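Me: I'm new to this one and would like a quick tour by question and answer. Can you take me through it?

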Amino acid sequence: MTTAFMLTMAVVIPVTGVLLQRYTLRRNFFTAMGLFAVGSAVAAFAPTFDVLLVARVVQALGTSIMLPLLFTTVMQLVAAEKRGRTMGLVAIVTAAAPALGPTVSGVIVSSLGWQWVFILVLPIAVLAIAGGAVWLRNVTPTMSARFDVLSVLLSAFGFSGVVYGLASIGEEAGSEGGLPIWVPLSIGIVALVALVVRQLALRETDRVLLDVRVFTGRLFTVSTVMIVTVSISLFGSLILLPLYVQQVLGEPAYIAGLMLLPGGLLSGILAPFVGMVYDKVGPRILILPGAVIATGAMFAFSTLGTSTPVGLVIGMHMLLSVGTALMMTPLMTTALGSVAPKLYSHASAIVNTLQQVAGAAGTALFITLFTVVSTATISGDALTGLADGVGTAFRIGGFISIAGIALALFLRKPDPASTTSPAPGDDQTQTEDAESEVPA
């Protein structure tokens, strides 16, 4: 189910660049939330695993549209000097939800059953739809945009192949048989190269799927590379720490879930303050110390042993959460704020897609290192071998994080004057009035 959800996100998010340009805000919102609500309802009463799997894919379709829509709408509506604090408010949700999810769902599953995870989510989705029907207006522009079938196919094969291949690395490291990982990875890489070539050929038309010209800007490129780096470390640690707590320290699963809660909540608390500081001083003064703190946390994790207190592990994770909180909101705001308004949807789609790929890469890297090293050193003491695998994975993650420290030196706050004015000749038209829009 997790792989299917992740693959759906990787396939659909790249298409949202065109969706957000072509269709109105209300239509995209109701489509996204409608799909999520339908998926939740089907999942809540799914009689078999196959039906539950399909329901999760439907949920992923809605999520794939909603995430880029959220960031693109913020960039369109909020003045440049206030974007940091607004993105900080958005980060409260994106930081707190992953922390609360495992804890809350663990309690729900233990006490009520897995169906109630979806039953309790469904009325929230319905309320969001009702709120959108009352308050949401078509205040963002649309423009001419068409789907290029070849680009969509190349994107689907490219991103799904890479994500599936990366997600399979950790599994293959500990088992034999199955589809060799080089097959989906090779297909994905070849398709992505062809996709980039195709987008460059279509760059002056209205059929471009992902406008890769956003990478001609240094700020966008550096910020995006750092987002990928941070995501690799963050997703890798989120998958490995619970395994360490359960397999090495011998704690139950609910302790592993609760362990991530303080750090996630700390990220949510810090996010709006980080956004306000960004508006005043720019990204470098936040991102540079954040990269140093995150790197230090990764190397601290590399010292984990067979008798490390759980409280110390929680403290290390909170340190990592502080580092990522200082980086993610400024990086996202800098990346999207450095492109012209007509490219907001493409930039948002690209950043969100690369985050999915980075998440799969981080999971694959950490699990593979953990599996290979622990298997090689497990001869005498099994727990020592597992701890060595954890330490090696985090040590490599620390070296990757060092790159973020160097990249942070090249960041500065985007110049609003150079990005707020659409380029001459852009075919940009305002949307129709909200009252004339029929929800999808």
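**A tour in questions**

Me: Which residues does Thr-295 touch, not counting residues up to four places away in sequence?
Reply: Keep in mind that we're looking at a predicted model. Thr-295 sits in helix H12, which covers residues 284–301. With residues up to four places away in sequence left out, the ones Thr-295 touches are Gly-398, Ser-401, Ile-402 and Ile-405.

Me: Is Thr-295 buried or exposed?
Reply: The relative accessibility of Thr-295 comes to 6%. The cut-off for buried is under 20%. So Thr-295 counts as buried.

Me: What about Ser-151, is that buried or exposed?
Reply: You'll find Ser-151 in helix H7. Leaving aside neighbours within four places in sequence, Ser-151 is in contact with Leu-195, Arg-198, Gln-199, Leu-202 and Leu-209. Its relative accessibility is 0%, so Ser-151 counts as buried.

Me: And how does Leu-153 count?
Reply: Leu-153 is in helix H7 too. Buried would need under 20% relative accessible area and exposed over 50%, with partly exposed in between. Leu-153 has 45% relative accessibility, so the label is partly exposed.

Me: Which helix gives the largest share of the nonpolar patch?
Reply: The patch lies on the surface, has an area of about 400 Å², and is made by Val-149, Leu-153, Phe-157 and Ile-187. Three residues of the patch come from one helix, spanning residues 149–173. That largest share belongs to helix H7.

Me: Let's zoom out. How far apart are the centres of domain 2 and domain 3?
Reply: The domain assignment splits the protein into domain 1 (1–145), domain 2 (147–205) and domain 3 (213–415). Taken over C-alpha atoms, the centres of domain 2 and domain 3 are separated by 24 Å.

Me: How much area do domain 2 and domain 3 bury between them?
Reply: On the contact side, ten residues of domain 2 meet ten residues of domain 3. Of the area buried between the two, 78% is on carbon and sulfur atoms. The total for domain 2 and domain 3 is about 840 Å².

Me: How many salt bridges does the rule find across the interface of domain 2 and domain 3?
Reply: The side chains of Glu-204 and Arg-213 meet in a salt bridge, at 3.5 Å from N to O. Domain 2 takes in 147–205 and domain 3 takes in 213–415. Across their interface, the number of salt bridges found by the rule is one.

Methods: Residues numbered from 1 in each chain as written. Predicted model: local features only at pLDDT ≥ 70, side-chain atom pairs only at ≥ 80, totals over all residues. Heavy atoms only, no water. Patch = residues over 30% accessible without salt bridge, like charges linked within 9 Å, V, L, I, M, F, W, Y side chains within 5 Å. Areas by Shrake-Rupley, 256 points an atom, 1.4 Å probe, with all protein chains shown as cover. Salt bridge = Lys/Arg side-chain N within 4 Å of Asp/Glu carboxyl O. Helix = DSSP H or I, 4+ residues; strand = E, 2+ residues; numbered from the N terminus. Buried < 20%, exposed > 50% of the residue type's maximum accessible area, 1.4 Å probe, protein only. Domains from an automatic or database assignment. Contact = heavy atoms within 4.5 Å. Buried area = accessible area lost by both parts, 1.4 Å probe.
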